[in-house]
Amino acid sequence: MSDRRDRWARGRWRSLVGRSPRSVAGQVFVLQVALVLLLVVCAVVALILQSSRDTQTEAKRRSIAVAQTFAHSPGVLAALRTEDPSKVLQPLTEAGRGAAGVDFIVVMDTNGIRYTHPLPDRIGKRFVGTIEPSLAGQVYTESVNGPLGKEVQATVPINDGNGKVIALVSAGLKVKSVTGEAYRQLPIILGAGAAALAVTAGGTALVSRRLRRQTHALAADEMNRIYEHHDAVLHSVREGVLIIDDGRLLLANDEARRLLELSPDAEGRHVAELSGLDPETVDLLASGREATDEVHFAGDRLLAINQRHTDRAGPHGTVVTLRDTTELQAVSGRAEVARERLKLLYDAGLGVGTTLDVIGTAGELARIAVPRFADFVTVDLADGVVQGDEPTLTATDMRRVAAHGIRDDHPLYEVDRLIDFLPTTPQARGYGTGRSVLVADLANAADWQAQDQERTREILDYGIHSLIAAPIRARGAVLGLVNFYRGKEHEAFDAEELSLAEELVARAAVSIDNARRFTREHTMAVTLQRSLLPRELPEQSALDVGSRYIPAQSGVSGDWFDVIPLPGSRVAMVVGDVVGHGLHAAATMGRLRTAVHNFSTLDLPPDELLSHLDDLVGRIDQDEACADRAAVVGATCLYAIYDPVTRRCAMARAGHPAPALVRPDGEVSYPDLPGGPPLGLGGMPFRTAEFDLDDGTQLVLYTDGLIEDRERDLDVGQELLRRALTGHPERAPEDSCRAVVDALLPAGPKDDVALLIARTKALPPDHVATWDVPPDPSAVGRVREAVSGKLAEWGLEELDFVTELVLSELVTNAIRYGGEPIQVRLIRDRVLTCEVSDSSSTSPHLRYAATTDEGGRGLFLVAQTTERWGTRYTSQGKVIWAEQALPGAVGTP
């Protein structure tokens, strides 16, 4: 309750004084308060000074009285004549000091040496002060800095019976004791001053409040300005103003009288009694409700009326403003039409061309024009434009790519239809000249009806009556036509709307042409890339292979894969990714794929092959940088070799994601494959890792577009890939490819994706035969016999002669030029492979011996009698191999 009372009191005080000091009441109030405050301050200061002065006088008077009383006290003269005056006088002075209410009484001899003092250690020391006047018989008062601090003291003489001064007495008070007396009077003085200030300020506030009510808290110049504004509103403002209270007109300015044609005696009458007002206008003015720009008639004028309350505490008094909008009505209608057209063009600029798709862009144009401009819209493009080619010169082979309308049961040609417009039709004329054609009345357009009389009759019966055929022009060529139709719900097109149609189509034409050019480049890039990728994987016995290549939505990239058969029934698998997109990346990918094929013929280990590929990419970068073209920057690659005889797989990678291994029990793991830098950076070696794989293990090689994108981290993608592969060891590689793509790329990739899944197959042990050969020329014959027996066991007697010839030459060279151990291996697969290995790294060379040469024809005979031959280096030495086609086979795989 007390808090509410305080808030009410503060609010009332603010209401009294919280007025602008510029008002008459405010100025009077400020002046009166200032005078009262000044008087109170002066009175308080005077009282304080008077109190201080009276206290000082009282202190001197008391000091003199105490000193004189003690000087004439009985026993003082007797005490002075004793041998030790201090012993007698000290107790007397202390008792007298306490009884008299002073701070000290000091008795001293005529030389100023003290006999007594409140501080005993000061006895016997010289008195601080002036004693000469007192020695002369006078009473002397002064202020000094004595032992007790700042002191007010009075000194009087002590006379013997003959009037001779024999001693002196000084009594006094400390200054702080004197001022303390004055300070104790301050609360009374200040309280009285505050009370006087409050009383006078309250009276002043009451006077100011009455004055404020009379002047409305306005200054004299403001009051004059109010009257000037009042006259301006009444006579000069070109907007009608009415003041109404309870439906009665209190005030109307000159403009309101003119607009409403009010009589001179209209003020004071009820608005229902005013003649010439529309009933709706009377109801609005009499109701007192708020209104904003409500349009009402007043005679032949159209008025915009605004009505607001004058007193927010009550709904009765209102102020009404009137504006004549008769002339603006027609202008605003045209402005609204122009605004809608500009809004249509603005929306077309934002909504057409959001994708680089020709058909999609045409559909966006058709949808944005219905129903804001036309009832039906069709888009016809030259058939070559849809494929990304250049348009034709005539309106033949036009493909309808979009049709949109307010209803779907229209009789217009359907989408994807190929149309040949007759030369006389508006569409053909517009396509040929590049200018839009307006047909306001289709019922009388014989040239338009000649295209298809039966269908045009259906169109007219459907209610379509007007047409604008606007050509799609871009970069000086006509790409197609946009047909705008209106039905019976709207009026026919006019010349102004023809210009709008041309502007609308012109904004979409650039987007359609951009989409056409993109389609052409994208088609070329995809065609190039697919031509560079393997059309079908080679036949081999070591792997069952499934693959996928999925181009990105925005364009092609440099992702690629390959499967390459190697000697000894081995197979190489490679997956790579060139940095960048477009034709340049696709062409670079083709160069790298060709290089991998060439390097694989050398039968290099994976790490050595990647080193050669790294040097090649570095040279490509340098050549393109010198040609002022964008450098490749780099590429990634993973290369693996699988041997079905030993079931061993050797891998190396250059900045590429590690492959996934699906074991025969369905478990998925990512092998610890050493990483290497991307190709083209140079400086870091590559390392090969070897793994023993169980029969039926699946190798999953892929590019980073499969597992990584902007919304998904690499770890998340690898986990999704693991889930898609886990638990399906029996699934065919092609089915696994399909399942992985569906799980990781449901909406299509944002980057190119290459995926290669291979299930390993071990070569049966009875298809391989191995013999150790001692370094003795006589051992060649035993090897031939053993090989002949194995061929007979395999049913390959037809190959006995050639095989013995090849082995005789290769084993003899190994014994003569190689080192131990020497081993012969025979592999029966799709071809018959003869391998001779030794510990020497010296490779034989094929040469053509002269007629007189006794040697040098051995390798020549090997090359002539076999399909292929070559040398493969290993960590233990080298292997020389030769392949022969099996009986009934045509060539080698």
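**Figure 1. Helix 22 and helix 23 packed together in the predicted model.** Helix 22 (residues 779–794) and helix 23 (residues 800–817) pack at an angle of about 145°, and their axes are 10 Å apart. The model shown here and in the other views is predicted. The crossing of the two helices is right-handed. On the helix 22 side, V780, R784, V787, S788 and L791 make the contact. On the helix 23 side, the contact is made by D800, T803, E804, L807, S808, V811, T812 and I815. Sorted by class, the contact of helix 22 with helix 23 has 6 nonpolar, 4 polar and 3 charged residues.

**Figure 2. Helix 22 and its surroundings.** Helix 22 has 16 residues. From its first C-alpha to its last, helix 22 reaches 23 Å, close to the 22 Å expected at 1.5 Å a residue. The buried residues of helix 22 are A779, V780, V783, V787, S788, K790, L791 and W794. These buried residues pack against helix 23 and against three strands: strand 26 (768–773), strand 27 (822–828) and strand 28 (831–838). V780, V787, S788 and L791 are among the buried residues of helix 22, and they also take part in the contact with helix 23. After helix 22 comes G795, which has a positive phi, near 75°.

**Figure 3. Helix 23 and the loop that follows.** The 18 residues of helix 23 should span 26 Å at 1.5 Å a residue, and the end C-alpha atoms are 25 Å apart, which agrees. The buried residues of helix 23 are V802, T803, V806, L807, S808, L810, V811, N813, A814 and I815. Among them, T803, L807, S808, V811 and I815 also belong to the contact with helix 22. An α-helix has 3.6 residues a turn, so residues three or four places apart point the same way. The loop between helix 23 and strand 27 holds P821. E820 and P821 are joined by a cis peptide bond, with omega about -5°.

**Figure 4. Two nonpolar cores.** The largest nonpolar core has 51 residues. Within this core, the residues with the most contacts are M573, L592, L613 and Y639. Strand 19 (residues 635–643) gives the most to this core, with 7 residues. A second core, separate from the largest one, has 47 residues, including L345, A366, A374 and V377. As wider context for this view, the protein has 24 helices and 30 strands, and 45% of its 893 residues count as buried. Of the contacts in the protein with a separation of 6 or more, 61% are between residues 24 or more positions apart.

**Figure 5. S541 and its contacts from elsewhere in the chain.** S541 sits in the loop between helix 17 (495–532) and strand 16 (543–550). Its relative accessible area is 22%, so S541 is partly exposed. Leaving aside neighbours within four places in sequence, S541 is in contact with K761, D829 and R830. S541 and K761 are 220 residues apart in sequence, while their C-alpha atoms are 7.2 Å apart in space.

**Figure 6. The cis peptide bond at P371.** V370 and P371 are joined by a cis peptide bond, with omega about -5°. P371 lies in the loop that runs between helix 12 (358–369) and strand 10 (376–382).

**Figure 7. Positive phi at D397 and D416.** D397 is not a glycine, yet its phi is positive, about 55°. This residue is in the loop between helix 13 (383–386) and strand 11 (398–405). With a relative accessible area of 38%, D397 is partly exposed. D416 is also not a glycine and has a positive phi of about 80°. The loop between strand 11 and strand 12 (418–419) contains D416. D416 is exposed, because its relative accessible area is 53%.

**Figure 8. A739 in helix 21.** A739 is placed in helix 21 (residues 733–744). A739 has a relative accessible area of 22% and is therefore partly exposed. A739 and A724 are 15 residues apart along the chain, and their C-alpha atoms are separated by 6.7 Å.

Methods
Residues numbered from 1 in each chain as written. Predicted model: local features only at pLDDT ≥ 70, side-chain atom pairs only at ≥ 80, totals over all residues. Heavy atoms only, no water. Axes fitted to C-alpha atoms, helices over the stretch in contact; angles between N-to-C directions. Helix = DSSP H or I, 4+ residues; strand = E, 2+ residues; numbered from the N terminus. Left-handed = near helix turned anticlockwise from the far one by under 90°. Contact = heavy atoms within 4.5 Å. Nonpolar A, V, L, I, M, F, W, Y, C, P; charged D, E, K, R; others polar. Core = buried A, V, L, I, M, F, W, Y, C linked by side-chain atoms within 4.5 Å. Buried < 20%, exposed > 50% of the residue type's maximum accessible area, 1.4 Å probe, protein only. Expected span 1.5 Å × (residues − 1).
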